[in-house]
Each structure stands twice: as structure tokens, then as C-alpha cells.
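Got a minute to go through some labels? Let's take them one by one and check what each rests on.

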Amino acid sequence: HYHQQGKLLNSRNDAIEFNVFDFQSGEEITKARDSLLSIYGNRYKQSIIYDIHAVSSKAIIDQIDLAFEVWKEMPWAGHVTFEQFCEYILPHRAYREPLEHWRPGLYRKYSWLCDSAEKIGDDPVMACTMVNNELRSWLKFDWDRGTKTLHDQGISEIMANKHGKCVDLVTMAACAMRSQGIPVAIDLVPYWGHRAFGHTWNVVLDKNGKCIPFGGAEKNPGHHDAILEYTKVGKIFRHRYAAQPDNLPATINTTADLPPLFYRVNLEDVTHEYVPVGDVHLNNLEIKPEDKAVYICLYNGGQWRPVHLALPDGRRAVFGSMDKNNVLYLPARFRNGTVVPVGDPFMFTKSGTVRHFPMADQYHDALLLTHSNKMFDETLRDGSVREYPIKPDYRYKLAYWDREWIYLDSQTARTSGLEYRHVPKGTLYK
């Protein structure tokens, strides 16, 4: 466990105080940061601080004592087993926030919850809702400024700034809940399959041992809608404290060349709790003897991003429990920080079949385009994709996929749209 610390340094290597929430917009932040960098040079330092080197024995003892106290005394924690306690209440950190001794302060801040113990009874979902309503009153989502912080915010920073990105909100919610013995964890989609970026949210463990999703400081349990009918997730994970025995990356030599996501051996695959899943069986992959793993990737933000791996069996691989909501995937190896395709892209359909997009040996005489679907940028709430008319006098490029994007042509649209000639059939286009 660790956190990343980002700093802007002056010429004496002293940290420059720089809080993005002192500015009114992302544009102001960028302007101010560029100004500082022009004065002091590109002196941005990012370091990784491991808990084992930073946490004190007193802080850990205090965390343990308070965690056991609320577990034993709060009625809404009575259903929590010791194993669940170790994951949902005890951890001294929620996610990747800077390390702080947060539990005593939050224990006092939310002690008012005990005044409602008779009303709440043994229902952790109701206790969670009450704390989340308090968080919603002062903590606000701010993508524009929140994504420009030098690192994920710590609890004291979140409470001072009162704004943050989704990771900040769910971190604050997890710590606030755990301080009162409410069993909470964080779930995440590392990369969407229908648009850019990913997402995080919280879950609360109900009396029956089921995890109920909610959005920290945003949506209460029973009203959370992170996963909708049209969303394509690829994989959903639960951030756990302990390394997970079924986590496949843990079975690979840690010195191997791995995508960043796969160094996190404490992720539990919970895709099946949210969406219909199926196993993807792929044959005739271009796997080399030295390949210890083969990856399955989503197209996200203009790049293929690995979300799951399989241990190859000759030229075959089976990827378990994949989202099958007509999701586009690509099998690949990972070498020196680069995704290298080992097969054709394919769609995993709702019926559980695999529809490949091979490089075709036939061509369209003419391909007429009149609209563009910006699928990865914007999907409407009803699941449809907004069509953008091809605009006359605008210039457009067309590419097709053949182990990389091959650009065919760049042309200016006429009133009738765009007409491309000699275009391969049946493959992917951009």
C-alpha cells in the first residue's frame, strides 16, 4: 500500500504551495501552473511513499483500537464477520490517498450518528444513508479542478477544499463510514468501453452480506446508477485491503513487464455482480513462448487499454467473466509499455458469441458517410449514440484497423457527405 505525492518545486527545491481549489476553473489552474513552470523550470516531482516506511506504530494501534470499538458497539455492525471487518472497517486507508491518522477525528465528527441508533437499529444501509446525506451537504464533485490536483487528496485536504473528483468523494465516504463501524468498500471501472476514462463508487455491506452500491457524497444506496443498460464496463473490481488469492497477476513473476493496472494484486473481480458476463475463448493467437500472459483490451480515450489477462495455453487463451454487452475488445501482449495486438479485434455480443473484425480481402467500391457517431465521447442517457452530421467544408480523416490505425484519406466534405473509395470491408473504421 502506498500513495503518490506530487510537488512543484522552486529553484531551492522547496515545495511551492499550489492548491487547485484556490482557482475558479481548470483554465485558471493551467495558466497558473504554466506560469510557475516558466519561472522555475519544469520542476514537478512525483514520488511514491509506501505505508511501511511512513506509518507509525502508535497510529496503527489507535486505528485498530477504534476500529474494534465501533465494530463491537455499533448495532449496525453486528452482522459483520471478522473477515469482513478486516476488509470493510479496519483498514487504515480507503484507497490511494495520502496517509493520515484520520479515524479519531472522523469518529468525533460523526458521533452524532449514535443519537439515531434507536431509529437505525441494526440496518447498515440506513446508517450509511444518514452519513452520506451529511457528506452531500458540503462535499461537491468537481471534475474540472479535481482532475488537476498534483495527487489524490487526503482526508484533511478534502475536508478543507470541500470539492474533489470521484476518487476523492468515495475516499472520504469510505473513511467517514468506517469511523462509525459502517462496512464500506470502493468499486471501480478502470476503463469504460463506451467512452473515455473510468469511474469509482462505494458499496455498503448490508445485513444479508450483499454489497449495495452508492455514490459517496452523491447518490444514496438504492439510487446509484453508475452501471446502466448501455454502459460497457469490460471489468469491474472491488478495491480490497488484502492481496486476493484469485487475482491472476499475482501468479506472474512481479518482475515481468505488466500494465500498471496489473500490479494491483488487491483487486477482486466483481463484474458478475453488476452485468451479464461470459468467458471469451480465443484461438490461433500470435502468442510467443516467452509470453507469460496475454491481455484483453478495451478501446478507451483513443488507446487500447488492458483490463484483464489470461495465462496462454499454446495459441489459445480463455478470459473469464467478461462483460458481454456488445463490447469491443482486442487481444494483445504487453511489451516495454506498449500494447501489441496478437489477434483481430472482436465484439463480445449479448448472446455470448464472438464477432471478429478481421482485415478483409474485399473492398467497397465507394463508402458514403453522412453522419459521425462519436461513440467514445458521448452516449445519451437512453443508451443511444448522438449522430453528428458531416459538415460541408470541414475536413475529415478516415482510418481502418490493421494491427494499427491505417489512414486512408483526408478530404473536405461536400453537401452530400464524404465518399471514400477502395475501403476494406468488414473491419473497424475511425
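What follows is a set of questions and answers about this predicted model.

Q: Why is R333 called buried?
A: Its relative accessible area is 9%, and buried means under 20%. So R333 falls on the buried side of the cut-off. As for where that is, R333 sits in strand β14, residues 327-335.

Q: What makes the pairing of R333 and D291 a polar contact?
A: The two side chains come to 3.1 Å, and the cut-off is N or O atoms within 3.5 Å. D291 also turns up among the residues that R333 touches, alongside others including E286, Y295 and V340.

Q: Why is A293 called buried?
A: Same routine: A293 has a relative accessible area of 10%, and the label needs a value under 20%, so buried it is. This one belongs to a loop, the stretch between β10 (277-282) and β11 (294-300).

Q: How do you know where A293 and P312 stand relative to each other in sequence and in space?
A: Count along the chain and you get 19 residues; go C-alpha to C-alpha and you get 6.1 Å. P312 is also on the contact list of A293, together with I252, L309 and A310, once neighbours within four places in sequence are set aside.

Q: And how far is P312 from T412, in sequence and in space?
A: That pair is 100 residues apart in sequence, and 46 Å separates the C-alpha atoms.

Q: Why is T412 called partly exposed?
A: T412 comes out at 35% relative accessible area. Buried would need under 20% and exposed over 50%, so T412 gets the in-between label. You'll find T412 in strand β22, residues 405-412.

Q: What makes T412 and R395 a polar contact?
A: A separation of 2.7 Å between their side chains, set against a limit of 3.5 Å. R395 is one of the contacts of T412 outside its sequence neighbourhood; D393, Y394 and L418 are on that list too.

Q: Why do F197 and H422 get different exposure labels?
A: The 50% mark does it: exposed means over 50%. H422 has 53%, so H422 counts as exposed, while F197 has 46% and is therefore partly exposed.

Q: What is there to say about phi at F197 and H422?
A: F197 has a positive phi of about 70° without being a glycine, and H422, not a glycine either, has a positive phi of about 55°. F197 lies in the loop between β5 (184-189) and β6 (199-205), whereas H422 is in strand β23, residues 418-424.

Q: How do you know that the chain agrees with a compact globule?
A: For 430 residues, such a globule would have a radius of gyration near 22 Å; the chain has 24 Å, so the two agree. Along its principal axes the C-alpha trace spans about 75 × 55 × 45 Å, and buried residues make up 47% of the chain.

Q: What else describes the chain as a whole?
A: It holds 10 helices and 23 strands. Of the contacts between residues at least 6 apart in sequence, 65% join residues at least 24 apart. The exposed area is about 21,400 Å², with carbon and sulfur atoms supplying 50% of it. On charge, there are 51 positive and 53 negative side chains, and the centres of those two sets are 3 Å apart.

Conventions: Residues numbered from 1 in each chain as written. Predicted model: local features only at pLDDT ≥ 70, side-chain atom pairs only at ≥ 80, totals over all residues. Heavy atoms only, no water. Helix = DSSP H or I, 4+ residues; strand = E, 2+ residues; numbered from the N terminus. Buried < 20%, exposed > 50% of the residue type's maximum accessible area, 1.4 Å probe, protein only. Polar contact = N/O pair within 3.5 Å; in protein donor to acceptor, adjacent residues only side chain to side chain. Contact = heavy atoms within 4.5 Å. Rg over C-alpha atoms; globule rule 2.2 N^0.38 Å. Areas by Shrake-Rupley, 256 points an atom, 1.4 Å probe, with all protein chains shown as cover. Lys, Arg positive; Asp, Glu negative; His and termini not counted. Charge placed at Lys NZ, Arg CZ, Asp CG, Glu CD.
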